[in-house]
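Hi,

Here is the structure I promised to pass on. Have a look at it first, and then read on for what I found.

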Amino acid sequence: MTSDTMPALLLVEDDALLAGTLHDALALAGYRVETLEDGDRAHARLAAPGHGQALVLLDLNLPGRGGLEILEAMRRHDRDTPVLILTARGAIEDRVKGLDLGADDYLAKPFALDELEARVRALLRRRQHDDSPQLHVGPLHFDGLTQRFTLDGTPLELPPREQRLLVYLMRHAGEPVEKGHLLTQVFSGDTLGDNAIEVYIHRLRRRLAASPLTLRTVRGLGYVLESDTQERDGE
């Protein structure tokens, strides 16, 4: 693998000793790593499209702008790049808020380098799968190139918001997805009523009613799309 094809990671961490250790470990693991130690510089780097990173490792306690502000600004235009937040062990409220704002995972300090590398690999694999132009869940197919669904070979026409919601549920088929996560990852920037998610879920259930697909509400966990076959692209 040449340096041009190595995944590019952005590490935002103000502790110089920790940042150096993480930079060296990730570089040794085969990644191109850029390190920023200042929240304002990280905000400028990530708040506009075109940052070019495959994954962001983001400390929340930074000089200048905080990590949550950086994450929120990034998610206004970039819903896809994985973000792994790094937090103090006791900062549960910050972890929850980070996940609500669209972070994909978190690690509480101190952590083992092996665990960090495993989380990075998992997030990059998920991103690679999500970028697939073809999604399949049982008889439901989505072609990312044409932006069209078929159900049992028949075209399934959906309004834009229902389409975005169904694509996200297909990407996470078999896994409960929280309502708050849908708001940040699917409908970020949209003005929605209090019951909008429930309305869209109800509409999708009606459209899928004659198929072997089920869109269940899991109390306390969210919504999960399931199929008798659980056939997904790449599995």
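Let's start with one residue: in strand β9, P155 is the bridge partner of T150. Bear in mind that this is a predicted model.

T150 belongs to strand β8, which covers residues 148-151, and β9 takes in residues 154-156. The two strands run antiparallel to each other, paired over three bridges. Together they make a hairpin with two residues between the strands. In that turn, D152 has a positive phi of about 55 degrees.

β8 has another partner too: strand β7 (residues 140-143) pairs with β8 over four bridges, again in the antiparallel sense. On that side, T150 has H141 standing opposite. So if you click on T150, you can look for H141 in β7 and for P155 in β9.

Which side chains of β8 are buried, and which are not? F149 and L151 point to one face and are buried, whereas R148 and T150 point to the other face and are not. That fits the usual pattern: in a regular strand, side chains alternate between the two faces of the sheet.

Now for the whole chain. The chain has 235 residues, and 44% of them count as buried. You'll find eight helices and 11 strands in the chain. If you take contacts between residues at least 6 apart in sequence, 59% join residues at least 24 apart. As for the surface, the accessible area comes to about 12000 Å², and carbon and sulfur atoms account for 50% of that.

Cheers

Note on methods
Residues numbered from 1 in each chain as written. Predicted model: local features only at pLDDT ≥ 70, side-chain atom pairs only at ≥ 80, totals over all residues. Heavy atoms only, no water. Buried < 20%, exposed > 50% of the residue type's maximum accessible area, 1.4 Å probe, protein only. Contact = heavy atoms within 4.5 Å. Areas by Shrake-Rupley, 256 points an atom, 1.4 Å probe, with all protein chains shown as cover. Pairing = 2+ DSSP bridges.
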